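The following note sets out several points for consideration alongside the sequence and the coordinates. Please read each point with the structure in view.

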Amino acid sequence: MTPRLFLFVFTMEVRKMMAYRANFWIGSLASFLVNISVLYFVWEAVFRESGKHIIGGYDFQGIVAYYVLVLLLGRLVRGMEYGSVANISDEIYQGTLSRYLVYPTNYFLFKYAGHLGLLVPAVIQLAVVGGLSTTLLDLGGILSLTPARAAMAVAAVLLGNLLNFLMLWPIHAVAFWQDNVWSLEVMLRFTVSILGGFMLPLSVFPAWSHATLSLLPFRYLFGFPADLLMGRVSNAEWAQGMVVCCIWCAVFGVLSRVVWRRGCIQYTGVGI
Amino acid sequence: MVRYFRLYLCFLRFSFSRAMEFRFDFFFRVAMDIVFYAVHIAFFRIIYLHTGALGGWNLDQMMIFVAGFLFMDALYMTVTANNCWILPFHINGGHLDYYLARPVSSLFFLTFREFAANSFLNLMIAAGILAWALGRYPGELGGVRVSLFLAGLIIGNILHVLLVLNFIIPVFWMQSGEGLREIFFTFTHFSDRPHQIYPNWLQRVLTSILPLALIVSLPAHILFSGLTWGRFLNIAVVLAALWSFTIWFWRRGLRAYSSASS
């Protein structure tokens with residue numbers, strides 16, 4: 001795939017996402033406000049009723065900052081679920097995948113270019129909502145935003161985004177055999193939400209589970225980039241985390257390739 | 001009434017035969033909901049590692065609340081969710097004609113036509129979790145309070161469906177219902193947690209204008225603290241008002257409906 005085509009697909013996806021701006025902004029802001037409100041009140045009650053000032057290494061303001069980061073960075077990582085590239089399984093099921101197979105380009109890269117395009121609106125949201133939240137909730141002192149940290153976080157988010165894409169790919173490829181893969185995708189989303197640190201910071205999990213959680217791929221989607229920006233991950237831990245994340249990317253990359261090839265062999269082009 | 005009951009039995013028969021045609025999807029859905037149940041239970045069990053109470057409830061009480069929420073969700077997914085999901089497409093695509101021509105209530109037909117047989121097993125599992133949570137409760141709950149709680153969950157389910165419909169009906173005047181559906185789905189996060197944790201002004205909103213707290217949280221409150229006249233009137237008035245408004249709103253929507261590509 002040529003860089004020019006890659007860029008074209010990338011910008012096309014951005015334009016599609018921003019076509020209905022009111023819908024996009026109202027939906028995103030409502031989702032952010034409701035989620036952060038619910039989490040705020042849950043943790044306010046936990047801190048108040050437990051009488052503790054530190055839970056899982058966070059004070060109350062720290063945990064609010066963690067959720068703000070997780071909600072915003074989560075959009076960067078999960079881009080695929082909100083855009084048109086989420087219809088890979090539909091294209092297989094309907095038989096419209098055929099047109100891509102005859103294009104003189106790689107289908108995987110074609111979809112990945114669109115997937116990356118979805119990051120642009122999420123970056124705009126991150127800047128606007130993140131800036132407002134930091135000011136209104138007075139979270140500035142909690143974030144560790146040095147240029148080096150920001151660069152490390154960008155690398156972690158991009159790798160997390162790729163990992164998320166690679167985890168979803170074999171699930172969509174199941175459509176070569178089954179008519180509906182929606183439930184598999186939702187199952188993954190639930191699993192990632194709890195084990196990735198989206199619903200709860202991983203440090204509040206029982207101590208015996210911490211080592212296992214850091215070896216699983218899910219942490220690198222949410223908890224890891226958020227903790228990085230809060231200065232809770234050292235340089236050595238970042239490097240180690242990136243290696244683990246790369247290994248998982250390789251594992252899911254190989255799995256995606258195997259499943260896709262086997263699926264393509266039996267693909268008839270007329271839909272199931 | 002008998003006619004509607006027989007019609008519903010036909011809906012059940014068709015739904016089960018259709019579900020059996022896609023067996024893998026059937027099992028995927030069962031697995032998906034088991035993961036959903038595990039995630040919700042795990043969330044609160046982990047929270048309670050750090051506190052003895054949340055919203056004034058201990059872990060045993062919270063497990064009953066969570067089980068009630070899971071049961072309510074399974075009931076919605078089994079009985080009405082598929083119908084509510086497809087309804088905006090029927091309206092936008094002009095497919096309502098078929099239903100409007102039937103000699104039964106169009107709202108009944110459209111809300112109950114498809115019974116999600118593949119979620120029925122999940123409903124049984126959720127009912128089992130609810131029975132387990134009630135059975136392991138160390139205190140004395142009493143048959144009357146448990147009955148009131150279960151009745152409250154059924155009423156909560158009706159309220160939930162009415163709320164969903166009110167977020168769908170504007171599709172009669174709009175191009176797409178997706179945005180409103182997303183917003184409603186977002187709001188439902190308020191009902192996943194006990195309403196006592198919210199500030200007073202938000203509790204008032206969640207028990208009146210947007211009665212998400214009446215779906216599970218208030219029935220659970222009644223189970224632990226008893227039914228007062230205030231709580232009874234709260235539920236009765238909101239149910240009557242929302243029911244009447246939904247019927248009125250639906251009829252207004254039908255008047256705006258102009259068949260194909262409405």
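1. The second largest pocket. This is a predicted model, and its second largest pocket holds about 580 Å³ of space. The pocket is lined by 21 residues, of which B:Phe108, B:Thr111, B:Phe112, B:Ile158 and B:Trp243 are the closest to its centre.

2. Elements around the pocket. Four helices of chain B each give two or more residues to the lining of the second largest pocket: H3 (59-79), H6 (106-112), H8 and H12. The largest share, six residues, is that of H8(B).

3. Character of the pocket lining. Sorted by class, the lining of the second largest pocket comprises 14 nonpolar residues, six polar residues and one charged residue.

4. A nonpolar patch on the surface of chain B. Which residues make the nonpolar surface patch of about 730 Å²? They are B:Val144, B:Leu148, B:Leu227, B:Trp229, B:Phe232, B:Leu233 and B:Val237. Two helices of chain B, H8 (143-168) and H12 (229-256), give two or more residues each to this patch. H12(B) provides the largest share, with four residues. Both helices also appear among the elements that give two or more residues to the lining of the second largest pocket.

5. B:Trp229 within the patch. Is B:Trp229 buried or exposed? This tryptophan lies in helix H12 of chain B. B:Trp229 counts as exposed because its relative accessible area is 68%, where exposed means over 50%. B:Trp229 is also one of the residues that make the nonpolar patch.

6. Cavities. How many cavities of 30 Å³ or more does the structure hold? There are two. In the second largest cavity, the space amounts to about 40 Å³.

7. Lining of the second largest cavity. The residues that line this cavity belong to chain A: A:Trp25, A:Ser28, A:Leu29, A:Phe32, A:Leu72, A:Arg75, A:Gln125 and A:Val129. Helices H2 (21-50), H3 (60-77) and H7 (119-136) of chain A each give two or more residues to the lining. H2(A) contributes the largest share, namely four residues.

8. Character of the cavity lining. By class, five of the residues that line the second largest cavity are nonpolar, two are polar and one is charged. The lining includes the aromatic residues A:Trp25 and A:Phe32, together with A:Arg75 and A:Gln125.

Note on methods: Residues numbered from 1 in each chain as written. Chains lettered and ligands numbered in written order. Predicted model: local features only at pLDDT ≥ 70, side-chain atom pairs only at ≥ 80, totals over all residues. Heavy atoms only, no water. Patch = residues over 30% accessible without salt bridge, like charges linked within 9 Å, V, L, I, M, F, W, Y side chains within 5 Å. Areas by Shrake-Rupley, 256 points an atom, 1.4 Å probe, with all protein chains shown as cover. Salt bridge = Lys/Arg side-chain N within 4 Å of Asp/Glu carboxyl O. Buried < 20%, exposed > 50% of the residue type's maximum accessible area, 1.4 Å probe, protein only. 1 Å grid on protein atoms, 1.4 Å probe; cavity = no way out; pocket = protein on both sides within 12 Å on 5 of 7 lines; lining within 4 Å. Points joined across faces, edges and corners; volume = space filled by probe spheres on them. Nonpolar A, V, L, I, M, F, W, Y, C, P; charged D, E, K, R; others polar.
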